[in-house]
Amino acid sequence: MTRLLDITDLHIALPADSQRPYAVQKMELHLEANEILCVVGESGSGKSLTALAVMGLLPKPHVHIAKGSVLFQGEDLTKVSDDRLRQIRGSEISMIFQEPMTALNPVMTIGTQIDEVFRFHDKMPGKERRRRALELLRDVQLPDPEQAIKAYPHELSGGQRQRAMIAMALALDPKILIADEPTTALDVTTQAQVLRLIKEMQAAHGTGVLFITHDFGVVADIADRVAVMQNGLVVETGTTDQVLRTPQHPYTQALIAAVPELTPRPSRARSPEIVMRVNKLEKTYRSGGGLFGGKGRIVHAANDVTFDLARGETLGIVGESGSGKSTVARCIVRLNDAEAGEILLGDTDLRPLGRAAMRPHRSKIQMVFQDPFASLNPRTRIGKIIAQGPIMYGASPEDAKKRTLDLLDIVGLDPRSYDRFPHEFSGGQRQRIGIARALALEPDILVADEPVSALDVSIQAQILNLLDEIRDRMNLSMIFITHDLRVAAQVCDRIAVMQRGEMIEIGPTSTLFASPKETYTRELLAAVPGKDWFLKGSSAQAPAT
Amino acid sequence: MTFWKLFARNRGAVVGLAILILITFMAATAGIFFPEDPFSLAGQSMSPPGENGFLLGSDSLGRDVAAGIAHGAKTSLLIGLLATLVAVCVGIVMGALAGYYGGIIDDLLMRVTEMFQTIPSFIFAILLVAIMKPSIESIVIAIAVVSWPAVARLVRGEFLSLRNREFVQACHTLGMSDIRIMMGEILPNCLSPVIVIGSLMVATAILIESGLAFLGLGDPNIMSWGFQIGAGRTLLRSAWWVCTFPGIAILLTVLAINLVGEGINDALNPRLRERS
């Protein structure tokens, strides 16, 4: 019997001036009906290009298939005509993307977009098409299909949009579904739901799913078989059990070892010295309204937020997107102005201070940003990026330079980095530079807003270790914002859970993990992908599912 | 890749640059090759090109067309560059303030900008020169006044998108002052589109200057291509060369500047080019 999808000796060539000649080399991969194959790898491993190659969507002519074949039920997709490929796309092989907001057309309703899929591939009357569309939306468990069919993409939440995308992809009952990081942009609880949905739909229709992800937790939850990719090579394939329990290739072993465990770190004694106290912080966002009236929307991004921070401790703030965790961080470093409450640094309340009055206190609280690519000025040399802070506070250029070189050493970068520009560094290195910049002013408090969420797992672990090391060495207090409970478990002494602008639970990490008080905290813990696999020999109790 | 390599990928741009260098050379050496005043009578009037010692002929008053073109090149380039420089500076200041501060300042500055944009630029320039009395300064001012709004809009847009970037916020958390953030951090990141629009504005400025001179609103003491065409337009059928050669000079210069501008654009925004 011919296989559903059979990739043999696939080479995908990159443009001449790229880092390596082939994005994907010597790839051998196959997919059977009714199975989920996960392709795992870090960014740049060629996993997404593989998916595009199967769909015939490579950005030609820069990137093209140099060699090899992609057999779909015995038919070589690298050789078929464009017309045939168009027929296959959508009806036989369909795809869901990472970011549903950009994958859906913003000016068309969900109903019209699903309808298009039917119209292009099948002849059937309009009523029938509408009935089928409604049925699909019901199948993907959208809460109100009648409403959703008339909705525009921006009117749905991220999870709902991804469900609509799945509905579109499954409209014609394809034999293969390619999912390119479909849950990366979603919150953990939504992610868990969408993963479950994909699995259910796959089982119901007997679809073969090619699932691309960087997250071994997701793999553990969903995959039947796994293929691990590194720099364009498939280094290991096998069943999920084999690969996760007995990884053969050193790279797979390293990747699995780098997955942060959901085991809380051993608790440490809390210093009695409180460096910061936040009291009843309030921040609301108003939107809409405008010149001609209309109802504005009011969002309580921070509502009655109260916590304190001891010297040398790391406080994690976790929550889903929109929970207000970033707002709290930004209010503390005074990038946003809170409306009410107190931010006490020592005895000074920072909240009401104006820009000029705030300046002398700025150096005490520094921030590490999320996106290492956006947080460094592309036109400024690394040395200047780090040194400009101390110089502004009156250090002589020589002292600042010496300090910068020290810092580069502390964050593990070559002193030669001093004269380079940010684009010469990888994501992890840039994040190190960001950390060095924040440390240059010798702050008491470091606010880190999702500092590792844009990084690959293996680099994540390094950065987390670095942050830990720095905190101990400089006796800093840290506020660590994250959406990933696994990361929070690694670094935080205490964790505060936020939901809709309120801090609903706060406590030592181990207590919080072992006996969460709030239902929402329990849900968050239960939704962590792959938790059953990665509770490796921990003493912590598994959270109730 | 170096800037030059990227620039040279666009053949047209290299040709444009060559023409531009030639014209600059012509302007620089005008005093050597044509030491006399281009307004002076040099010989037989209405001589066709190549006769009576005139390379490109003479006009109805016996002025040398070739000398006029050489000296006019100086005027055109000078006015083009000066006017653009003034317009870019004003535009950057207005755009930067509007984009960085937003809110009321943005509204105010942008309404002012729109006020300038609603008046057709050439007519506005005529009006300004007519009020101020024609001279090099007034022409430069008039051209700058009608050209800065485009720069302001561009710079404002760039500032709007850059001011919320994390690297700018990082500067805020360091406690950097607004002026330093604007000039030292944001501006260098939006210079490339400004350079591109600026290089194209030079071409527009030359066209406006020629138009003004054609209408007799040029500086009466300075030779200019537009003035030559204006003087020769009544003789178009009997002495075609008087209008034609200055016209070709304008065409070539504007074309060359546009080509160079496009080349700079390709070199500074390489991704834009690959998309097409």
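These legends accompany close-up views of a predicted model.

**View 1. The largest nonpolar core has 55 residues.**
Three residues have the most contacts inside this core: A:Ile114, A:Phe211 and A:Phe216. Helix α7 of chain A, residues 158-170, supplies the largest share of the core, with 7 residues. A second core, separate from this one, has 49 residues. Among its members are A:Leu408, A:Tyr418, A:Ala436 and A:Leu446.

**View 2. Helix α8 of chain B, residues 178-186, and its buried residues.**
The buried residues are B:Asp178, B:Ile181, B:Met182, B:Glu185 and B:Ile186. Around the axis they cover an arc of only 115°, so they sit on the same side of α8(B). Their packing partners come from both chains. Chain A contributes α13 (355-362) and α14 (382-392). Chain B contributes α3 (65-101), α6 (136-162) and α7 (166-174).

**View 3. The largest cavity, with a volume of about 70 Å³.**
The model has 5 cavities of 30 Å³ or more. Residues of chain B line the largest cavity. From the lower-numbered stretch come B:Asp59, B:Arg63, B:Asp64 and B:Val65. The lining also includes B:Met223, B:Phe227, B:Gln228, B:Ala231 and B:Val242. Helix α10 of chain B (residues 225-232) gives the most to this lining, with 3 residues. By class, 5 lining residues are nonpolar, 1 is polar and 3 are charged.

**View 4. A:Val328 in helix α12 of chain A, residues 325-332.**
A:Val328 has a relative accessibility of 0% and therefore counts as buried. Sequence neighbours within four places are left aside in the contacts given here. A:Val328 then touches A:Ala302, A:Val305, A:Phe307, A:Ile317 and A:Met498. A:Ile65 is a distant reference point: its C-alpha atom is separated from that of A:Val328 by 48 Å. Along the chain, A:Val328 and A:Ile65 are 263 residues apart.

**View 5. B:Ser121 in helix α5 of chain B, residues 121-132.**
The relative accessible area of B:Ser121 is 37%, so the residue is partly exposed. That value falls in the range between under 20% for buried and over 50% for exposed. The C-alpha atoms of B:Ser121 and B:Ala205 are separated by 11 Å. Along the chain, B:Ser121 and B:Ala205 are 84 residues apart.

**View 6. A:Arg500 in the loop between β19 and β20 of chain A.**
Strand β19 spans 494-499, and strand β20 spans 502-508. Phi of A:Arg500 is near 45°. This is a positive value in a residue other than glycine. A:Arg500 has a relative accessibility of 63% and so counts as exposed.

**View 7. B:Lys133 in the loop between α5 and α6 of chain B.**
B:Lys133 is not a glycine, yet its phi is positive, at about 70°. The relative accessible area of B:Lys133 is 61%, so this residue is exposed. Helix α5 of chain B, on one side of the loop, is the helix that holds B:Ser121. Helix α6 of chain B, on the other side, is among the elements that pack against the buried residues of α8(B).

Key: Residues are numbered from 1 along each chain as its sequence is written. Chains are lettered from A and ligands numbered from 1 in the order in which they are written. This is a predicted model: local features need pLDDT of at least 70, side-chain atom pairs count only at pLDDT 80 or more; totals for chains, interfaces and linings use all residues. Side-chain values use heavy atoms; hydrogens and water are left out. A nonpolar core is a set of buried Ala, Val, Leu, Ile, Met, Phe, Trp, Tyr and Cys residues joined through side-chain atoms within 4.5 Å. Buried means under 20% relative accessible area, exposed over 50%, partly exposed in between (1.4 Å probe, protein chains only). Helices (H or I, at least four residues) and strands (E, at least two) are DSSP runs, numbered from the N terminus. The arc is that of the directions from the helix axis to the C-beta atoms. Contact means heavy atoms within 4.5 Å. On a 1 Å grid over the protein atoms alone, a cavity is a set of points where a 1.4 Å probe fits but cannot get out, and a pocket is an open set with protein on both sides within 12 Å along at least five of seven lines; lining residues have an atom within 4 Å of a point. Grid points are joined across faces, edges and corners, and a volume is the space filled by probe spheres set on the points. Ala, Val, Leu, Ile, Met, Phe, Trp, Tyr, Cys and Pro count as nonpolar, Asp, Glu, Lys and Arg as charged, and the others, Gly among them, as polar.
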